[in-house]
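Here's a look at the open spaces in this structure and at what surrounds the ligand. Have the model open as you read.

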Amino acid sequence: MDKTVVITGASGGIGSEIARVFAENGWNVAIMYMNSADEAKKLEKELISYGSRTYCRNCDVRNIKEVEEFFTLAEENLGVIDALVNNAGVALQKLFCDVTAEEADRIFDINVKGSFNCTKAVLPSMIRRKSGKIVNISSMWGICGASCEVHYSASKAAVIGFTKALAKEVGPSSINVNCVAPGLIDTKMNANLNDEDIKMLTDEIPLMKIGKPSDVAHAVYFLCSEQADYITGQVISVDGGMII
Ligand code: NAP
């Protein structure tokens with residue numbers, strides 16, 4: 001197999017695990033990161049040790065020029081892009097009225113426009129080839145909303161709308177667009193939660209535990225595999241049953 005995936009936010013907890021699962025399954029992996037160069041380079045070495053061909057470069061998903069350059073170079077290095085995982089994202093816990101205009105813009109620019117930018121960079125080639133898989137990472141809060149995370153929840157709801165609309169638009173070109181909505185997953189994004197917060201949240205999860213990045217990664221991989229060729233426009237929750 002000679003398939004290539006681009007993963008944004010691959011230096012983070014969920015993105016790095018998604019990269020590992022693709023590499024373990026024989027894919028070439030393009031790792032996009034923003035600031036965490038050490039984590040990204042370490043991950044790249046690990047993926048190479050699995051036999052994967054890699055391309056690793058920092059890129060701000062908000063900057064369309066950087067994004068276009070990333071995709072051009074990734075394709076030059078690894079070949080056509082078969083799958084894109086829009087995983088880069090930021091969260092913010094604050095009362096709605098305390099969120100500044102700059103903070104609100106940052107959340108939407110990274111979580112929503114960043115996915116638009118990356119998708120725009122890859123889509124023309126997928127349409128030409130009439131083949132491709134796009135998976136967007138939303139959140140359970142994009143489905144049901146979280147208090148003190150209004151902007152984050154709204155941005156993740158936008159990711160779901162984006163997924164469903166684009167799936168309809170590019171379905172005739174045999175491109176699948178789906179969404180994974182993780183619940184509470186053990187990464188540095190939740191480093192601010194103390195033991196009491198985690199216990200309170202865990203008590204509300206039917207499976208009574210927080211999720212691992214690999215739980216999300218396997219769902220993403222499935223949606224990019226041939227086994228998911230007839231699935232598009234869907235939101236797959238990986239949340240231990242929290243949102244039913
Ligand atoms: P994380 O460990 O904090 O990783 C976030 C990633 O996003 C990092 O790789 C970071 O890059 C990248 N990033 C941030 N701003 C960027 C930008 N402007 N351009 C490019 N990359 C940027 O968080 P995570 O938990 O793995 O989250 C991954 C995704 O899952 C996010 O979309 C998040 O909203 C979603 N999610 C997470 C949870 C959870 O409980 N953890 C639940 C639901 C949904 P650098 O570190 O290199 O700067």
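Sorted by class, the shell around the ligand counts 14 nonpolar, 13 polar and 4 charged residues. Keep in mind that this is a predicted model.

**Around the ligand**

Which residues come nearest to the ligand? Out of 31 around it, they are Ser11, Ser36, Asn87, Tyr152 and Thr187. As for secondary structure, helix 1 and helix 6 each put at least two residues into the shell.

Some polar contacts are worth picking out, and they're easiest to take in side by side. In each row, the partner is an oxygen atom of the ligand.

| Residue | Protein side of the contact | Distance |
|---|---|---|
| Gly9 | polar backbone atom | 3.1 Å |
| Ser11 | N or O atom in the side chain | 2.7 Å |
| Ser36 | N or O atom in the side chain | 2.6 Å |

On its own the ligand would expose 900 Å², and the protein buries 94% of that area.

**The largest pocket**

So where does the ligand sit? Its place is the largest pocket, which holds about 1100 Å³ of space. That pocket is lined by 46 residues, and Gly89, Val90, Ala91, Thr187 and Met189 are the closest to its centre. Thr187 therefore turns up in two lists here: it is among the residues nearest the ligand, and it is also among those closest to the pocket centre. Two or more lining residues come from each of helix 1 (13–24), strand 2 (28–33), helix 4 (101–129), helix 5 (140–144) and helix 6 (150–170). Helix 1 has the largest share, with 3 residues. By class, this lining breaks down into 22 nonpolar, 18 polar and 6 charged residues.

**The second largest pocket**

There's also a second largest pocket, with about 170 Å³ of space. Its lining runs to 13 residues, and the closest to the centre are Lys209, Ile210, Gly211, Asp215 and Gly240. Here the classes come out as 6 nonpolar, 3 polar and 4 charged.

**The cavity**

How many cavities of 30 Å³ or more does the structure hold? Just 1, and the space inside the largest cavity is about 30 Å³. Thr8, Val61, Asn86, Ala88, Ile110, Gly114 and Ser115 line it. Helix 4 gives the most to that lining, with 3 residues. The cavity lining has 3 nonpolar and 4 polar residues, and no charged ones.

Key
Residues numbered from 1 in each chain as written. Predicted model: local features only at pLDDT ≥ 70, side-chain atom pairs only at ≥ 80, totals over all residues. Heavy atoms only, no water. 1 Å grid on protein atoms, 1.4 Å probe; cavity = no way out; pocket = protein on both sides within 12 Å on 5 of 7 lines; lining within 4 Å. Points joined across faces, edges and corners; volume = space filled by probe spheres on them. Helix = DSSP H or I, 4+ residues; strand = E, 2+ residues; numbered from the N terminus. Nonpolar A, V, L, I, M, F, W, Y, C, P; charged D, E, K, R; others polar. Near = heavy atom within 4 Å. Polar contact = N/O pair within 3.5 Å; in protein donor to acceptor, adjacent residues only side chain to side chain. Areas by Shrake-Rupley, 256 points an atom, 1.4 Å probe, with all protein chains shown as cover. Sits in = over half its atoms within 2 Å of the grid points.
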